[in-house]
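Subject: Handing over a structure, with notes

Hello,

Here is the structure I promised to pass on to you. Please open it alongside this email, and then read my notes below.

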Amino acid sequence: MRKPIYFFTLVLTITLFSGCLISERINYIIDLKTPTTGKVTINFLNIKSNAIGKREFDKDKKYLFEFALKSKSFVTQFKSEGKFVKYRSLSVKNNRLNGKVIYDFNDIKKVEGIRFEDGFYYFTMALDDSLISTNGKLIISKEYKRILWDKNYKQLKFEMYSSGFDNKAFKGLASYYKKK
């Protein structure tokens with residue numbers, strides 16, 4: 001089973017290549033247009049790098065500030081996954097770098113593997129994933145956690161904490177962000 005919190009491993013849908021960027025918390029807001037199409041807003045809170053050396057850290061900064069934030073290749077990559085990027089940004093608040101990505105989708109399964117079956121949406125995660133909040137109903141079994149929403153929900157929400165996040169050991173990126 002894929003661990004959803006590490007879908008981007010993440011930052012701003014970011015760690016597709018570097019593997020060294022991570023955000024402390026990630027929240028999803030899924031606005032449904034039809035039962036299987038809609039718009040997703042993902043907020044990445046407190047983005048940091050776990051790079052050990054300067055070279056890795058520089059690579060993470062380049063990936064975040066140039067590829068994820070500005071490049072057309074990033075948008076093309078998402079499009080190939082059935083996600084149509086409409087907006088992406090970075091911001092600094094309280095000396096923490098935060099990110100936001102908004103994209104449209106035509107297949108709910110493209111959104112972290114969320115499923116719609118028999119009048120219910122559900123999102124399955126590993127037992128050790130840390131769910132902070134949801135507007136759905138959390139069910140925990142021996143094998144996994146699952147959030148359920150019935151078909152009447154027009155907005156699905158959940159926020160997760162990134163286990164393994166080390167606020168003291170990881171390197172902050174806020175001071176390197178230059179808004180243009």
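The notes below go from the overall picture to single residues.

First, please keep in mind that this is a predicted model. The mean pLDDT of the protein is 88, and 89% of the residues reach 70 or more. The start of the chain needs some care: over residues 1-19 pLDDT stays under 50, although the model has 80 contacts for this stretch beyond four places in sequence. Where pLDDT is low, the coordinates should not be read in detail. Among the elements, strand 8 (residues 137-140) has the highest mean pLDDT, at 98, and strand 11 (residues 171-172) the lowest, at 91.

Now the general layout. The protein has two helices and eleven strands, and from the N terminus on they run β-β-α-α-β-β-β-β-β-β-β-β-β. Of its 180 residues, 48% are buried. The accessible surface comes to about 9600 Å², and carbon and sulfur atoms account for 51% of that. If you look at contacts between residues at least 6 apart in sequence, 62% of them join residues at least 24 apart.

Next, the inside. The largest nonpolar core holds 39 residues, and those touching the most other members are Ile 30, Leu 97, Tyr 103 and Phe 158. Helix 1 (residues 54-70) gives this core its largest share, seven residues. Take Ile 30 as an example: leaving out residues up to four places away in sequence, its contacts include Val 40, Phe 105, Ile 108, Val 111, Leu 156 and Phe 158.

Trp 149 is a good residue to click on. You will find Trp 149 in strand 9 (residues 145-150), and it is buried because its relative accessibility is 1%. Beyond four places in sequence, Trp 149 touches, among others, Phe 120, Tyr 121, Phe 123, Thr 134, Gly 136 and Phe 158. Tyr 121 and Trp 149 are 28 residues apart in sequence, yet their C-alpha atoms are 5.1 Å apart in space.

Thr 41 is another one to visit. Thr 41 belongs to strand 2 and counts as buried because its relative accessible area is 9%. Not counting residues up to four places away in sequence, Thr 41 touches Asn 27, Tyr 28 and Ile 29, as well as Lys 100, Val 101 and Ile 102.

Two asparagines have a positive phi. For Asn 46 the angle is about 65°, and for Asn 95 it is near 60°; neither residue is a glycine. Are they buried or exposed? Asn 46, in strand 2 (residues 38-49), has 3% relative accessibility and therefore counts as buried. Asn 95 sits in the loop between strand 3 (83-93) and strand 4 (96-105), and its relative accessible area of 62% is why it counts as exposed.

Last, the outside. Leu 127, Leu 138 and Ile 140 form a nonpolar patch on the surface, together offering about 250 Å² of accessible area. Within this patch, Leu 127 lies in the loop between strand 6 (120-125) and strand 7 (130-134). Its relative accessibility is 37%, so Leu 127 counts as partly exposed.

Happy browsing, and best wishes!

Technical notes. Residues numbered from 1 in each chain as written. Predicted model: local features only at pLDDT ≥ 70, side-chain atom pairs only at ≥ 80, totals over all residues. Heavy atoms only, no water. Helix = DSSP H or I, 4+ residues; strand = E, 2+ residues; numbered from the N terminus. Buried < 20%, exposed > 50% of the residue type's maximum accessible area, 1.4 Å probe, protein only. Core = buried A, V, L, I, M, F, W, Y, C linked by side-chain atoms within 4.5 Å. Contact = heavy atoms within 4.5 Å. pLDDT = per-residue confidence, 0-100. Patch = residues over 30% accessible without salt bridge, like charges linked within 9 Å, V, L, I, M, F, W, Y side chains within 5 Å. Areas by Shrake-Rupley, 256 points an atom, 1.4 Å probe, with all protein chains shown as cover. Salt bridge = Lys/Arg side-chain N within 4 Å of Asp/Glu carboxyl O.
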